[in-house]
Amino acid sequence: RHASQWKYEGIFQLLFADKRFLVKILVAADIKNKSWEHDQRLTLEKFKNYQCEVINAFDWNCNLKNPPKDLVPDVVFFPKVIEGNDPFSITRFHNSLNCYVPYSTYGDNNPTLQYNQIFHNLLWRHYVATEIHFEISKEVNYIKSKNVRVSGYPGFDNYLFFNGKKLNQVSPWPNDSRKKIIWAPHHTIQNSENNSNHSNFLLYHEFFKEISFQFRDKVCFAFKPHPNLRLKLYGFDGWGEEKTKEYYNWWARNENTLLFEGDYEELFIKSDALIHDSVSFMAEYLCLGKPSCYLVKDESKLNRFLNKFGLSLLKYHENALCEDDIYSFIKSIIFSRKTIKNKKEIPKFLKAKEIPSSEFIYEDIISSIFVNKKLK
């Protein structure tokens, strides 16, 4: 549904190369969202050069072109939780083996939402990143996580196993000696719950513009917003569609700033540091062993907002509670001042298996489907 939520590249490549499978990609943006056409175009653009069949679920008048009953797949991989009245709800695929890799590694403390919706209990396979996630899921899941497998996380594969060598993309960054720093704000722009650490965007949106201009000779900044931030701002009082587009376009048109809404692996690999409040990126960026600064909304709420996994990751981050902290972090990157937290260090628990996660998932599927048959 969002190009940046695609975590199945490695699995796709393995299944596509296996002649026992006919692999198709279904692009189905959420047409209830105002930004659905924007999401649909970005996602279709991502897959335009894939050799498999890419199916556009909706036409540009919101008409459903390819309902699930006409697709009849044997195996389905969901990019996110889809249930209820959605035309692509998991309940529409009752004759399929339904698989799921969350697009986030879930460092926040929200176990029922993450592991015990109807969707999770109907899955054939639910692949999680670490043993920590498995133990959390068992505590809340109705079927005691009998369908859960600890696979590692496919989004880590290029970082932990291939050092980015499997990517053939052109670097989005300017080819010069300036430091390359990413700002990745979460989509929550107001306090959504008492324990939330999100909603930092409104605090810092002007500050990051100012600081990018101040350090224009020393730093290139990339604005990497959560895919849902654009939509949230469209409907937020004082912003709206026009102001949001102008803000995003500001990042796209300056000499030392980038707007990045699609795949971000190459953006991460060629960067020098990350500033964010995303629980997904807490783990993903640490796989590179690069400095990362976590924006803290309210320090007193961190122990309630983050789960055991998130708190373990937080130890490897610099924490910023205000503009001065962000400023100091950026200066430490410019002048390469190392601290205990930002020295090159990758948490060992992020590598759950000795093989890439995508390979583990592929082997789990074919050994389950093709019983007593020799694997390729």
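1. In this predicted model, strand 4 (residues 97-100) and strand 5 (residues 125-128) pair in the parallel sense, over two bridges. Within this pairing, C99 stands opposite R125 in strand 5.

2. Strands 4 and 5 belong to an open sheet of four strands, in the order 3-4-5-6, and the pairing is parallel. Strand 3 (75-78) and strand 6 (148-150) form the edges, each pairing on one side only. On average, neighbouring strands of the sheet are turned by 25° against each other, with direction ignored. As background, strands of a sheet pair through backbone hydrogen bonds, either parallel or antiparallel.

3. On internal voids: the structure holds four cavities of 30 Å³ or more. The second largest of these cavities has a volume of about 70 Å³. Its lining consists of 14 residues, and P102, S104, Y127, V128 and A129 are the ones that lie nearest the centre. Y127 and V128 fall within the range of strand 5, residues 125-128.

4. What is the make-up of the lining of the second largest cavity, in nonpolar, polar and charged residues? Nine of the lining residues are nonpolar and five are polar, with no charged residue in the set.

5. On nonpolar packing: the largest nonpolar core has 74 residues, and I182 and Y294 touch the most other members. Another core, of 30 residues, lies apart from the largest one; I189, Y204, F215 and F223 are among its members. In soluble globular proteins, nonpolar side chains tend to be buried together.

Conventions. Residues are numbered from 1 along each chain as its sequence is written. This is a predicted model: local features need pLDDT of at least 70, side-chain atom pairs count only at pLDDT 80 or more; totals for chains, interfaces and linings use all residues. Side-chain values use heavy atoms; hydrogens and water are left out. A nonpolar core is a set of buried Ala, Val, Leu, Ile, Met, Phe, Trp, Tyr and Cys residues joined through side-chain atoms within 4.5 Å. Buried means under 20% relative accessible area, exposed over 50%, partly exposed in between (1.4 Å probe, protein chains only). On a 1 Å grid over the protein atoms alone, a cavity is a set of points where a 1.4 Å probe fits but cannot get out, and a pocket is an open set with protein on both sides within 12 Å along at least five of seven lines; lining residues have an atom within 4 Å of a point. Grid points are joined across faces, edges and corners, and a volume is the space filled by probe spheres set on the points. Ala, Val, Leu, Ile, Met, Phe, Trp, Tyr, Cys and Pro count as nonpolar, Asp, Glu, Lys and Arg as charged, and the others, Gly among them, as polar. Two strands pair if DSSP finds at least two bridges between them. Axes are lines fitted to C-alpha atoms, for helices over the stretch in contact, and angles run from 0 to 180 degrees between N-to-C directions.
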